[in-house]
Structure formats: structure tokens, C-alpha cells
Amino acid sequence: MRILILDDMQVRHDGFQIILKGHELFHALTFEEAQTIMSVQAAQGTPVEMCCLDRDLNAAKGASSFSNPATGATEYYTGEHFAYWLGRQDFCPKKILIHSWNETGAAKMKSSLEKVAGIEIQIKPYKPPPGL
């Protein structure tokens, strides 16, 4: 299975590498990297089949920012923004795992994705594999 992992913490990517051994994994640390991977894979005819999504993407690690039109403040893209974007794409995978520990953000991500028919969404906070 082709699986996208969106998380700003490398240790979680390392953990998913163990947990999801045998699958083709695509790693994204930022909103924009995840968008690119999803779009390119779909264009190549090999769409991602599952996404593992974190909500909070650390701005200090190069997260993409935007200017909020309502306030003019600089804000950073999160997994919540990605879920909103993904739910509006023709290539949205049918399986989504939201592995964020941010309960409120995870619930908002799930709500945004539930609008897509036939999608299986699970919220399960990340737990590292033994020994990591």
C-alpha cells in the first residue's frame, strides 16, 4: 500500500517506518511537501492509498506560513489545513489515520474529512513501536 505520513517529527517517521514495514511510504514534514507528494503520485497514476496525519506542524522546522486575510497575522499551515485541502481533491485516499495527540485539532480534521463519501477515518494518537 502507498502511504503518506505527514508529521514534523522525524522520530515519528522513523517509528512509522517500523510499524508500516513492507508498505511504500512517502514522508512529508510540511503541508506543502504533503500536497506535492499527493498531487505528483495522482498525476503519475499511482495515487496514495492511505494518509497518516499529524495536526500540529512545528513552525520552527520550516512549516509553510500564510497571511491571515482577516487579521493580517502570519499563521502556519497545519495538518488541519491539509485535511481540508485533501478532502476537496479527487484523489483523496479512502483510508485516513489521524495520529495527532491534539484532541481538538484531530476532531476538526476528522470532521473536515467526513464530508468525503466512502472514506474510513480513524483517530489514534501516535504510539512509538517498542525500542524506539
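In the predicted model, Glu114 is partly exposed, with a relative accessible area of 48%. Its side chain forms a salt bridge with Lys110, the closest N and O atoms being 4.0 Å apart. Lys110 is likewise classed as partly exposed, at 28% relative accessibility.

This pair is one of five salt bridges in the structure. Arg55 takes part in a salt bridge with Asp56, at an N to O distance of 2.9 Å, and Asp56 is partly exposed at 35% relative accessibility. Arg55 also meets the side chain of Glu80 in a salt bridge of 3.1 Å, N to O. Because Glu80 belongs to helix 3 and Arg55 to the loop between strand 3 and strand 4 (65–67), this pair ties together parts that are 25 residues apart in sequence. Glu80 is partly exposed, with a relative accessible area of 21%; the limit for a buried residue is under 20%. A network of salt bridges further links Asp7, Arg12 and Asp54.

Helix 2 comprises 13 residues (31–43), which at 1.5 Å a residue should span 18 Å; the end C-alpha atoms are 18 Å apart, in agreement with this expectation. Its buried residues are Phe31, Ala34, Gln35, Ile37, Met38 and Gln41. These residues cover an arc of only 165 degrees around the axis, and therefore lie on the same side of helix 2. An α-helix has 3.6 residues a turn, so residues three or four places apart point the same way. The buried residues of helix 2 pack against strand 1 (2–6), strand 2 (24–28), strand 3 (50–53) and helix 3 (79–86). Just after helix 2, Gly45 adopts a positive phi of about 80 degrees.

In helix 4 (residues 103–113), the buried residues are Gly105, Ala106, Met109, Ser112 and Leu113. Viewed down the helix axis, they fall within an arc of 125 degrees, so they line one face of helix 4. The face turned away from this buried side carries the exposed residues Glu103 and Thr104. The packing partners of the buried residues of helix 4 are strand 3, helix 3, strand 6 (95–98) and strand 7.

His13, in helix 1 (residues 10–19), is buried, with a relative accessible area of 2%. Beyond residues up to four places away in sequence, His13 touches Ile5, Asp7, His27, Ala28 and Leu29. At the surface, Met9, Val11, Ile18 and Leu132 make a nonpolar patch of about 340 Å². Of these residues, Leu132 is found in the segment after strand 7 (120–123) and is partly exposed at 45% relative accessibility.

Terms used
Residues numbered from 1 in each chain as written. Predicted model: local features only at pLDDT ≥ 70, side-chain atom pairs only at ≥ 80, totals over all residues. Heavy atoms only, no water. Helix = DSSP H or I, 4+ residues; strand = E, 2+ residues; numbered from the N terminus. Expected span 1.5 Å × (residues − 1). Buried < 20%, exposed > 50% of the residue type's maximum accessible area, 1.4 Å probe, protein only. Arc of directions from axis to C-beta. Contact = heavy atoms within 4.5 Å. Patch = residues over 30% accessible without salt bridge, like charges linked within 9 Å, V, L, I, M, F, W, Y side chains within 5 Å. Areas by Shrake-Rupley, 256 points an atom, 1.4 Å probe, with all protein chains shown as cover.
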